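Biologist: I am new to this structure and would like a close look at a single part of it. Please take one helix and describe what surrounds it, then add whatever else stands out.

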Amino acid sequence: MRNRIAQVGKAVVTTKKTTNGVTTPAYWADACAHLCKRDRVMKRLIPRFGEACLESRGDAFVTLARSIVGQQISVKAAQSVWNRFEALPRRMAPGQVLKLKVDDMRAAGLSARKVEYLVDLALHFDNGVIHVEQWQQMDDEAIIAELVAIRGIGRWTAEMFLIFHLMRPDVLPLDDLGLIKGISVNYFSGEPVSRIEAREVAEAWAPWRSVATWYMWRALDPTPVSY
């Protein structure tokens, strides 16, 4: 297992790469200890999931593509569509995606708009416009600003990239339906929750809001998602 340290401004993000190629954040145990101390819901929730934690396959294109596929649909539906889409190319790479037929992509469950977005994303990577190595050195908001300039990538998608690819520890994706529902169920007995209320709940989570968000997702679906 190898450790990798990424310097981001004054923050250092350390990750661990396991023998099966999965990358996990080295900060996870410290984050969980902090959250259990600061938040009664997290104290009850975190032990339920044992050693499970955030995982990344370490591929920037796949992470962004999966985030596009998952826009505005449930985690379960997104996984189903992704499984069908992933089976189309010989391997999930920009050049291979550009060779796919639109009809085949639509048959996999992708909307016409998402097909356009995925093709545009593949073009950005294939043309060398995207430089992943530079993202490691940029702060969260600078990365978001760069990503949202790509067609089909909004703030939610950029935030999923920060969490699942760069493993930034303090991202709060307030546009995420699962996060809002998780807060509603666990903090407000299922009552509707505003963005302001969600942000107030998350104040106790800082500086580990990505970790707390992950546990909100797990509270709704125990199966961890990796991008």
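Modeller: What follows describes one helix and its neighbours, and then a few single residues elsewhere in the chain. The model is a predicted one.

The helix is α3, residues 60-69. Of its 10 residues, 10 are buried, so α3 is largely enclosed by the rest of the structure. They run as Ala 60, Phe 61, Val 62, Thr 63, Leu 64, Ala 65, Arg 66, Ser 67, Ile 68 and Val 69. The cover over these buried residues includes α4, α5, α7, α8 (132-135), α9 (140-147) and α10 (155-164). Two of these neighbours, α4 and α7, can be taken in turn.

Helix α4 spans residues 75-86, and its axis comes within 9 Å of the axis of α3. The two axes cross at roughly 125°. An angle from 65 to 115 degrees would count as roughly perpendicular and one over 145 as roughly antiparallel; α3 and α4 are therefore oblique to each other. Their crossing is right-handed. On the α3 side the contact is made by Val 62, Ala 65, Arg 66 and Val 69, and on the α4 side by Ala 78, Gln 79, Val 81, Trp 82 and Phe 85. Sorted by class, this contact of α3 with α4 holds seven nonpolar residues, one polar and one charged. Phe 85 also appears in the largest nonpolar core, which has 71 residues: Phe 85, Trp 135, Trp 205 and Tyr 215 are the members that touch the most other members.

Helix α7 covers residues 112-126, and its axis and that of α3 come within 10 Å, crossing at roughly 165°. With the limit for this class at over 145 degrees, α3 and α7 are therefore roughly antiparallel to each other. Here too the crossing is right-handed. From α3 the contact uses Ala 60, Phe 61, Leu 64, Ala 65, Ile 68 and Val 69; from α7 it uses Lys 114, Tyr 117, Leu 118, Leu 121, Ala 122 and Phe 125. The residues in this contact of α3 with α7 are 11 nonpolar, no polar and one charged. In soluble globular proteins, nonpolar side chains tend to be buried together.

Pro 94 belongs to this neighbourhood as well. It sits in helix α5, residues 94-97, and is buried, with a relative accessible area of 15%. Beyond its neighbours within four places in sequence, Pro 94 is in contact with Phe 61, Ala 122, Phe 125 and Asp 126. The C-alpha atoms of Pro 94 and Leu 121 are 7.8 Å apart, although 27 residues separate the two along the chain.

Some residues elsewhere also deserve a look. Trp 205, named above for its place in the core, touches residues including His 34, Leu 35, Asp 39, Met 42, Leu 172 and Tyr 187. A cis peptide bond, with omega about 5°, joins Ala 206 to Pro 207. Pro 207 lies in the loop between α12 (195-202) and α13 (209-220).

Two residues other than glycine have a positive phi. For Met 167 the value is near 55°, and for Ser 189 about 50°. Met 167 is in the loop between α10 and α11 (177-187), whereas Ser 189 is in the loop between α11 and α12. Met 167 is buried, with a relative accessible area of 1%, while Ser 189 is exposed, at 70% relative accessibility.

Key
Residues numbered from 1 in each chain as written. Predicted model: local features only at pLDDT ≥ 70, side-chain atom pairs only at ≥ 80, totals over all residues. Heavy atoms only, no water. Axes fitted to C-alpha atoms, helices over the stretch in contact; angles between N-to-C directions. Helix = DSSP H or I, 4+ residues; strand = E, 2+ residues; numbered from the N terminus. Parallel < 35°, antiparallel > 145°, perpendicular 65-115°, else oblique. Left-handed = near helix turned anticlockwise from the far one by under 90°. Contact = heavy atoms within 4.5 Å. Nonpolar A, V, L, I, M, F, W, Y, C, P; charged D, E, K, R; others polar. Core = buried A, V, L, I, M, F, W, Y, C linked by side-chain atoms within 4.5 Å. Buried < 20%, exposed > 50% of the residue type's maximum accessible area, 1.4 Å probe, protein only.
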